[in-house]
Amino acid sequence: MKKGMVIKMELKIGYIPGDGIGPEIIKEAKKVLDAVMKQYGHVAVYKELVLGGASIDAFGIPLTEETIREAKSSDAVLMGSIGGDASTSPWYQLPPSLRPEAGLLGIRKALNLFANLRPAVLYEELAESCPLKQEIIQDGFDIMIMRELTGGLYFGERKTSVENGIRTAVDTLTYNEEEIRRIAIRAFDIAGKRNKKVTSVDKANVLDSSRLWRSVVDEVAATYPEIRCEHMLVDNCAMQLVRNPGQFDVILTENMFGDILSDEASMVTGSIGMLASASLNDSKFGLYEPSHGSAPDIAGMDIANPIATILSAAMMLRFSFDLDLEAQTIENAVKAVLKAGFRTKDIMSEGKTLVSCSEMGTILAQTIETIAMEVTI
Ligand code: NAD
């Protein structure tokens, strides 16, 4: 594509440095974003937002109305990570509703983020980090797990009581067809940008909510004839993820199944510092953040891996701004830099070149300039 043919955009991006390694990894993600913006002629207008422990320190609460307002007026929000060491940080002396994590749950709720996307990608260059045998991983895998985030068991009515002297607890799992349809539509749209296959995961042999899930997914599937749709029981899916992960493209599932399966899939890749995530609502807005936490054990040491955050920024360009080429440029740069042998400490192996967090960001930004030049010539 010729450089002059690219439509120039102004991107209103809120960013949350957060706690622990958050400020370090966000700085590198912005460095990489700026390189992409420059190469493709877009302009990013950033607004810093405060959340989590940083917000407790500044305002006494983990989430302020100001942060919610600023997030809502942004096109998308990119976040580092929030939270501290629960055994040493004073934040954890506070009641649960005032701790850093309450800020994260609060902002997800305020922004109505119902679709959680967690890619689990095994890079050829990091295959040795994968705990599975080579004959199972073959050419690697690239899975997108789509988890429903605001319904199901975690949000249903619950109670604990004593009945006839016996302690009894009840949780309820409720979904209505609208909640299922909106995330199914998102999953089929996203599969259309990938390998055009959706595996919907449920427990339809037992649960009514799963039987409704399956029938609504079938209705949506009928409107996407170009996308292959299959159904899989959740117990089988848990097995298939370690038996043949290459068979999956998009996995669509409800809240609790997605919670468990997305952690299983990410562990199969073996590299926590490489895993991005996104949470979307029914507009183009999304909150993008690495899957890992704030890693207080390595905060301030310039050794964290910024790639999960940088890949989250690529997801932001793709899903909130429809800038697929720009997103692909970041993803290609990550592959090129891994291929060239650069590694942060967490993914270091013999014979490779150890780099710091900030060096990794700089190398990626420089690589983007080269890659982008190749596609614009
Ligand atoms: P963690 O993911 O922060 O760290 C687990 C281990 O992985 C640590 O040894 C850490 O050093 C390492 N690690 C994580 N990210 C890394 C990176 N980018 N580069 C190199 N190494 C990395 O999990 P934890 O220690 O259980 O949690 C720490 C804090 O993070 C807690 O307060 C927790 O509540 C919070 N947390 C926040 C989020 C979020 O912001 N969405 C998610 C999970 C945990």
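## Close-up views of a predicted model

**View 1. Asp 302 is partly exposed, with a relative accessibility of 29%.** Welcome to the structure, which is a predicted model. Because its value falls between the 20% and 50% limits, Asp 302 is counted neither as buried nor as exposed. To find Asp 302, look in the loop between β12 (286-290) and α10. Its backbone is worth a pause: phi is positive here, at about 60°, although Asp 302 is not a glycine.

**View 2. Asn 164 sits in a loop between two strands.** The strands on either side of this loop are β6 (158-163) and β7 (166-171). Asn 164 has a relative accessibility of 79%, so it counts as exposed, the cut-off being over 50%. Here, too, the backbone has a positive phi, of about 50°, and Asn 164 is not a glycine.

**View 3. The ligand has 22 residues around it.** Those that come nearest are Gly 84, Glu 101, Glu 289, Gly 293 and Ala 295. Sorted by kind, the residues of the shell are 10 nonpolar, eight polar and four charged.

**View 4. Polar atoms of His 292, Ser 294 and Asp 297 lie close to atoms of the ligand.** Start with His 292, where an N or O atom of the side chain is 3.1 Å from a nitrogen atom of the ligand. Next comes Ser 294, which takes part through its backbone: an N or O atom there lies 3.0 Å from a ligand oxygen atom. At Asp 297, a polar side-chain atom is 2.9 Å from an oxygen atom of the ligand. On its own, the ligand has 810 Å² of accessible area, and the protein covers 68% of that. Two elements each give two or more residues to the shell around the ligand: strand β3 (76-81) and helix α4 (100-110).

**View 5. The largest nonpolar core is made of 69 residues.** Good landmarks are the residues with the most contacts inside this core, namely Leu 117, Met 146, Tyr 288, Leu 317 and Leu 364. Helix α10, which runs through residues 307-319, gives the most to the core, with nine residues. Where does this core lie with respect to domain 1 and domain 2? It lies between them, because both domain 1 (1-111 + 285-377) and domain 2 (118-263) give residues to it.

How values were computed. Residues numbered from 1 in each chain as written. Predicted model: local features only at pLDDT ≥ 70, side-chain atom pairs only at ≥ 80, totals over all residues. Heavy atoms only, no water. Near = heavy atom within 4 Å. Polar contact = N/O pair within 3.5 Å; in protein donor to acceptor, adjacent residues only side chain to side chain. Areas by Shrake-Rupley, 256 points an atom, 1.4 Å probe, with all protein chains shown as cover. Helix = DSSP H or I, 4+ residues; strand = E, 2+ residues; numbered from the N terminus. Nonpolar A, V, L, I, M, F, W, Y, C, P; charged D, E, K, R; others polar. Core = buried A, V, L, I, M, F, W, Y, C linked by side-chain atoms within 4.5 Å. Buried < 20%, exposed > 50% of the residue type's maximum accessible area, 1.4 Å probe, protein only. Domains from an automatic or database assignment.
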